[in-house]
Every structure is written in C-alpha cells, then in structure tokens.
Amino acid sequence: HATKKTMADHLRKYESLFTLTPQRMRMIVEAFTETLELGLNKTNQIVPMIPTYVFGWPSGKETGDFLALDLGGTNLRVCLVTLQGEGKFEITQTKYRLTEEQKQEDGQKLFDFCAECLKTFVETNIGEGPGQLKPGQSLPLGFTFSYPCSQERIDHGELIRWTKGFGATNTEGRDVAEMFKKSLEKYELPIQLTALINDTTGTLIASHYVNPRTKIAVIFGTGCNAAYMEHVKDIGKIEHLGIDPGAEMAINCEWGAFDSFEHEHLPRTKYDAVVDDTSNKPGEQAFEKLISGRYLGEILRLVICELIDEGVLFLGQNTYKLEKPYCFDTAFLSLMESDPTDELLMIIGIFTHFFALETTLAERQFFRALAMLIGRRAARLSACGIAAIVSKQGYLEEGCSVGADGSLYNKYPGFADRVHEGLQDIFGDKGRYVRHYCPAPSANLVLIFISYDKKQKRR
Ligand code: ADP
C-alpha cells in the first residue's frame, strides 16, 4: 500500500537527521571535556562548573531528623527524613504540583507557596503530635533548588538564571536562600534553612552512600544536569579562597548549557531550532533541549506537525489538539515505545483519547520509530557528557559508577541501556565498566542533611 511506503521513506529521512555516529560522539566528548576545564578555571563561562561547598563524601554515620524541600521543575516535594546512621534512613514525603502561572509570577510569591506547603506538611506530620517539637526548637531544612546558583557558602545561592521553563520575576541575580528565609518568617515556621543544594549534588552524595564506587551523578528529569567530585587544586577559579588544595569539593556542572549560543558542537535539527526559538530562553540550555523530559515530546510533536503541513498525516481530520505547543508529553514517547501489541493499541489510545485522531498501523509504526530515534539521540548525547567527565577525571582505568535519577531515566524504557551503548561506542569495550544505576527513590534528598552535618563540623 502506498501510505506504508511513504511512511517508510519519511522515516529514512528522520533516521539520518537524528542518528549519532560513534565518531561524531567522540568529537562531542572532546569539545565537552575542554568546556568542563574552561568552566573550572574561568568565571562566567557557558558551562559554569559551580563550586558547591560540599566537601568530600559522606561517612554514612550522619544521624537526626531533617526537613527537605525539593523544587525541581515539575513538582514541589516536601520530606521529613530521619537518618539512622549506617547509611540507613526513613522518608515521609508529600508532592505538590506547580502550575505554569506559579513558574512565571513574582519569585517571592513562588517561595511563599513553598513555605505554605511546608507549613501544611509540618502541621500534618510534626506539629500536632505531643512532644514532637519543643517550644523554641526548630528543625533544620535543606532546600534542593535545582537551578544554576552561584554560591559563596552552603546556605547561600544567587540565581544565575532560571532554566526548565521557569521565569519567575525579581529572582534572577538575587540570593534565593535569603528570599526563602523571608517566606519562612512570614509563615512563622519553626524551621531553619541550613543548606541550599542542587539535585545533582544531592544525587551524587546519596548515590555514594549506596555505592562507594560512585563518582558522578546525572539527572534526567524536566532538565538534564550532572555533578561530580573535584580536587580543589583543579578548580582554578577559586584558588584565591585559600581552601586546602588537597580537599575535594562537589561541582555542579550545569552541563545543560553546553553549546549554548554558539551551536558549534551538537547536531541540531530544524525541530530543535524551533524548540529553542519558541522557548522562554532562546539560545540557552542547548544540550538540555536535546535531552530532557521537558523537550522530547515537543520535538516529536514538531516532526508530526511538519508532516501534517505537508499533507502526509491525518488528511481530512481536525488536528488542532495536536497543534498546541507542549501538548505531547514525553511520557507518551515512553508509552509508545513500550506498547507490546502488534496492532500498537497503546498508540491508538494516545491519539484517539488525547488528540481525537485516527491512525493507521503504518503511521503508528512510524510514530514509534520516531520516538525511538529521539529517545536514542537523547541517551547517546547524555553518554557524551558522562564520557567527558570520565575521561577528564581518568575514571576509565578502574571503572566507576554513575548515580542517575529523574523520570526519564527511571521510566523511559531502554533509556539506561542506550546510555550504556553510547558509552561503549565512545570508549570501546572499556565503556562497559562505566556503570550507572538509580540509587534509591528520593535519594537526592539524603544529601541535604549530610551537607548540613558537614557544615557544622566546619564551624
Ligand atoms: P523533576 O525534574 O521536575 O524533578 P521528574 O524527574 O519527574 O521531575 O521529571 C519530569 C519530566 O519527566 C517531565 O518533563 C515529564 O514529561 C517527564 N516524564 C514523566 N513521566 C515520564 C515517563 N513515563 N517517561 C518519560 N518521561 C517522563
């Protein structure tokens, strides 16, 4: 049948657009490695390589009750964590969904909302219980704030710029720890903000808890970012602070910004260019826009819309529902790829239920193949970033583990395998010894109190 042939022809075109050869990947790794070095040695670089003031690995002996607040992109999570020592812990947590408006309104209002959720959580889980909190007693709170901040100490952080679609006003360039403390005071919460950290740093430390071979952590969620432990002597730009050069400090790479503005190194298609142009931050987060959960669905949607415009897909049907930007969630790509039926019933369901569109089997096979191309490219590009840290740090000889977290990593079928394949394409057989795994649910939250403990020790 003619339709089928056409879809197969189209697919070939997209295959060549979205496929990354091992050779191309190695070129990206080389440029990436140089970029990481540059960020360590100079201030104001595109990939900022942010010092976190989290010194060295946890001992596993940390104990106590701690509150954790995680503002990550899609959800706001509040947790009460009890560290029992010996690397063991218990978590009680509640999730709150953020609206698009909340991400764009005044920053102080956003932090007020965080404090409000915290208040509800404390009242439900701590406040009422007799003898839980003595008068005058306050709980230490770690704030996982996963946007690039430049820090001078662990309980401080100036927001460099919003990412992941956030745009709250009056926040960029300001100390978000200070702003959040204001909100805590407003709601009269018996809580003390003791640490501001990034989710990647959290995952790094928490993963090391679970597996001491861990050297790197990567987040694949709304955004994409990584952290690793660096020798202070190799962080040229903080030499003047006089920190013991023999010490180690976690670095929050903010690698989502790799290749921003220049667009020299990454293979961008015209769909990626549209995603970028229509984003609230054109030019920025170039690497992240090819990889993370916020964008993959949109890339696929743009390809489909192109084929609608060309009269290839959905002729005679009303496609307005599919023409709305960001209506195609990355979770749909997961569902499409994991559809176990020959008829691709799951894909029928997605298109009829969410977009009121009928599909032919050939079209469904095409959509699934397209999802695979876009998901695979994302995983292989991530492998390039991991490989850059691995080669820069010389981890390949002994092998190492990479702690990974986020919905894309945990829920997208085959994503982890594709990262693994990518590492082997870059490093050959040795790439097999760079293993990655998800440490534990909510593991990133563990860090918060560890850094708190460390801060106490450090006076
Ligand atoms: P955050 O990054 O906000 O902390 P997550 O790690 O849950 O939170 O990532 C949210 C992103 O993951 C969203 O962009 C969403 O589209 C994507 N996502 C959610 N579920 C899935 C899924 N099953 N497969 C792939 N992506 C998913």
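**Exercise 1. Describe the pairing of strand β9 with its neighbours.**

Strand β9 pairs with strand β10 (residues 224-231) in the antiparallel sense, over five bridges. Here strands are DSSP runs of E with at least two residues, helices are runs of H or I with at least four, and both are numbered from the N terminus. Two strands count as paired if DSSP finds at least two bridges between them. The model is predicted: local features need pLDDT of at least 70, side-chain atom pairs count only at pLDDT 80 or more, and totals for chains, interfaces and linings use all residues. Residues are numbered from 1 along each chain as its sequence is written.

Step 1. Look at the link: β9 and β10 form a hairpin with three residues between them.

Step 2. Look at the other partner: β9 is joined to strand β12 (residues 400-405) by five bridges, and these two run parallel.

Step 3. Find a residue that shows both pairings. A217 stands opposite A227 in β10, and A217 also stands opposite G403 in β12.

Step 4. Check the burial of β9 (residues 214-220): seven of its seven residues are buried. A residue is buried if 20 or more other C-beta atoms lie within 10 Å of its own, exposed if 12 or fewer, and partly exposed in between, with C-beta atoms placed from the backbone.

**Exercise 2. Work out the strand order of the open sheet and the place of β5 in it.**

Step 1. Write the order: the open sheet has five strands, β4-β3-β2-β5-β8, with mixed pairing.

Step 2. Mark the edges. β4 (88-97) and β8 each have a single partner strand, so one side of each is left without a neighbour in the sheet. Neighbouring strands are turned by 25 degrees against each other on average, direction ignored.

Step 3. Take the partners of β5 in turn. Strand β2 (residues 63-71) runs parallel to β5 and is joined to it by five bridges; L67 stands opposite L141 in β5. Strand β8 (residues 191-197) also pairs with β5 in the parallel sense, over six bridges. G142 stands opposite A195 in β8, and P140 has Q192 in β8 as its bridge partner.

Step 4. Add the helix: α5 (residues 176-186) packs on the sheet, touching β5 and β8, and its direction makes about 155 degrees with that of β8.

Step 5. Explain the burial of β5 (residues 139-145). Six of its seven residues are buried, so β5 is largely enclosed by the rest of the structure.

**Exercise 3. Decide whether D70 is buried or exposed, and place it in the fold.**

Step 1. D70 lies in strand β2.

Step 2. D70 has 25 other C-beta atoms within 10 Å and is buried.

Step 3. D70 and G223 are 153 residues apart along the chain, and their C-alpha atoms are separated by 14 Å.

**Exercise 4. Determine how two helix pairs cross.**

Axes are lines fitted to C-alpha atoms, for helices over the stretch in contact, and angles run from 0 to 180 degrees between N-to-C directions. Angles under 35 degrees count as roughly parallel, over 145 as roughly antiparallel, 65 to 115 as roughly perpendicular and the rest as oblique.

Step 1. Helices α2 (residues 22-41) and α14 (residues 415-427) pack at about 85 degrees, with axes 9 Å apart. The two are therefore roughly perpendicular.

Step 2. Their contact is made by P22, M25, R26 and V29 of α2 and by G422, D425 and I426 of α14. Two residues are in contact if their C-beta atoms, placed from the backbone, lie within 7 Å.

Step 3. The axes of α9 and α10 come within 7 Å and cross at roughly 70 degrees. That makes α9 roughly perpendicular to α10.

Step 4. In this pair, G293, L296, G297 and L300 of α9 meet T330, F332 and L333 of α10.

Step 5. The buried residues of α10 are T330, F332, L333, S334, M336 and E337. They pack against α9, α11 (345-355), α12 (361-393) and α13.

**Exercise 5. Describe the shell around the ligand.**

Step 1. The ligand is surrounded by 17 residues, the closest being G72, G73, G221, G293 and S334.

Step 2. Helices α9 (293-309), α10 (330-338) and α13 (407-411) each supply at least two residues of the shell.

Step 3. By class, the shell has three nonpolar, 11 polar and three charged residues. Ala, Val, Leu, Ile, Met, Phe, Trp, Tyr, Cys and Pro count as nonpolar, Asp, Glu, Lys and Arg as charged, and the others, Gly among them, as polar. A residue belongs to the surroundings if its C-beta atom, placed from the backbone, lies within 6 Å of the molecule.
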